[in-house]
Amino acid sequence: MPKPTKRILSGVQPTGNLHLGNYLGALRNWVRLQAEYECFYCLVDLHAITVQQDAAALRASTRDGAAMLLAMGVDPSKSVLFVQSNVPAHAELGWIFNCVARIGWLNRMTQFKEKAGKKKENATVGLYVYPTLMAADILVYLATHVPVGDDQRQHLELCRDIAQSFNSQCGVEYFPLPEALILGEATRVMSLRDGQKKMSKSDESDYTRINMSDSPDLIAQKIRKARTDPEPLPGDPKGLESRPEAKNLVGIFAALADRAPADVLKDYGGAQFSKFKEDLAELAIAKVGPITTEMRRLQGDPGHVERVLHEGAERARAVADPIVRDVKEIVGFLRA
Ligand code: AQP
């Protein structure tokens with residue numbers, strides 16, 4: 001079988017609301033990359049259960065997550081959209097990779113440290129081995145490129161280490177070394193309340209993020225209340241150093257407007273935040289609003305969303321299953 005040269009895999013957790021960080025850091029690029037790559041996009045529910053979930057809420061947010069991705073422009077006639085747990089090959093390869101990755105490698109993962117926090121001993125084993133499953137998600141399609149936000153850079157490096165280690169341990173050139181695609185002006189969108197913390201679904205305060213399902217009024221209110229400093233905006237990006245909240249808002253503006261931050265500051269250098277925030281709110285509402293409307297329409301047609309996911313899982317299994325069969329052969333498992 002010829003190996004793909006331009007194949008993408010990326011995933012998003014179906015937990016809670018997708019936010020502007022997910023959108024600008026990753027999901028918007030998913031849509032753009034469809035023109036150039038063969039794309040596999042999944043809702044990673046196996047990753048979601050690394051922390052405790054309510055079953056009914058998980059099911060509902062998986063459906064809603066799929067509706068949101070379709071509303072953003074993921075096109076099932078171009079890309080394969082599916083739910084991770086519907087393709088058992090991910091978990092099978094994940095186990096094999098648990099037997100390739102070293103404890104020392106996982107101990108270096110900063111996301112585990114952040115998510116487990118002070119209660120490390122109480123975190124699930126699943127949360128600890130999250131990056132080996134993520135490597136399986138990617139490599140079970142022999143994906144060559146992975147569009148992600150900057151926070152996933154370290155996990156991608158681990159995925160390459162696993163691929164390389166598997167290849168050399170088994171004396172094969174089977175897995176590619178996938179490249180991260182970290183694209184755009186907002187690869188790390190920060191919390192609206194703290195410019196040092198990433199915007200995140202699991203932050204307790206809803207005012208730290210703009211959800212893709214927020215109403216226009218709520219978006220405007222959150223931007224008005226976003227933390228800033230008392231200085232006016234600088235005339236160029238150098239003036240944003242050591243002003244994390246200002247830098248974040250300018251980055252969000254630039255990404256939404258598809259402009260460089262320097263270009264945005266040409267218009268706003270010397271302006272007060274009140275004026276800038278008003279324009280930012282207008283821009284965010286103009287970009288997010290149509291997606292929310294389409295998402296609501298799709299929520300009213302769950303049959304369509306389920307059909308897309310069912311067909312996506314079939315197409316994903318057709319690619320992943322033969323790859324796992326190859327891997328089992330390479331590892332030395334007896335065929336059934
Ligand atoms: N703040 C962010 N800025 C830029 N990109 C981001 N991503 C997440 N947050 C930001 C990117 O979104 C994609 C999907 O992320 P995910 O839902 O699978 O997991 P996550 O990175 O753990 O997202 P959250 O919001 O931080 O979820 P919780 O709070 O549950 O941990 C990824 O490509 C990610 O890089």
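This talk covers the ligand site and then three pairs of packed helices.

Good morning, everyone. One thing before we start: this is a predicted model.

Let's go to the ligand. How many residues are around the ligand? There are 21. Five of these come nearest: Lys-115, Asp-151, Ser-200, Lys-201 and Ser-202.

What classes make up that shell? By class, 11 residues are polar. Five are nonpolar, and five are charged.

Where do the shell residues sit? Strand β1, residues 7-12, supplies at least two of them. Helix α1, residues 20-33, also supplies at least two. In fact, α1 gives the largest share, with four residues. Keep α1 in mind. We meet this helix again later.

Now some individual contacts. Start with Lys-201. A polar atom in the Lys-201 side chain is 2.2 Å from an oxygen atom of the ligand. Next, Ser-200. Here an N or O atom of the side chain lies 2.5 Å from a ligand oxygen. Then Gly-21. This time the backbone is involved: one of its N or O atoms is 3.2 Å from a nitrogen atom of the ligand.

How much of the ligand does the protein bury? On its own, the ligand exposes 640 Å². The protein buries 96% of that.

On to the helices. I have three pairs.

Pair one is α4, residues 89-98, with α14, residues 302-331. Their axes are 10 Å apart, and the packing angle is about 25°. Are these helices parallel or antiparallel? An angle under 35 degrees counts as roughly parallel. So α4 and α14 are roughly parallel to each other. The crossing of α4 past α14 is left-handed.

Pair two is α11, residues 244-257, with α13, residues 273-299. Their axes come within 10 Å and cross at roughly 40°. That angle makes α11 oblique to α13. Again, α11 passes α13 in a left-handed crossing.

Pair three brings back α1, the helix with the largest share of the ligand shell. Its partner is α11. The two axes cross at roughly 45° and come within 11 Å. Therefore α1 is oblique to α11. And the handedness? In passing α11, α1 makes a left-handed crossing.

To recap, look at two things on the structure. Find the ligand, with 96% of its area buried by the protein. Then find α1, and follow it from the ligand shell to its crossing with α11.

Thank you.

Note on methods
Residues numbered from 1 in each chain as written. Predicted model: local features only at pLDDT ≥ 70, side-chain atom pairs only at ≥ 80, totals over all residues. Heavy atoms only, no water. Near = heavy atom within 4 Å. Polar contact = N/O pair within 3.5 Å; in protein donor to acceptor, adjacent residues only side chain to side chain. Areas by Shrake-Rupley, 256 points an atom, 1.4 Å probe, with all protein chains shown as cover. Nonpolar A, V, L, I, M, F, W, Y, C, P; charged D, E, K, R; others polar. Axes fitted to C-alpha atoms, helices over the stretch in contact; angles between N-to-C directions. Parallel < 35°, antiparallel > 145°, perpendicular 65-115°, else oblique. Left-handed = near helix turned anticlockwise from the far one by under 90°.
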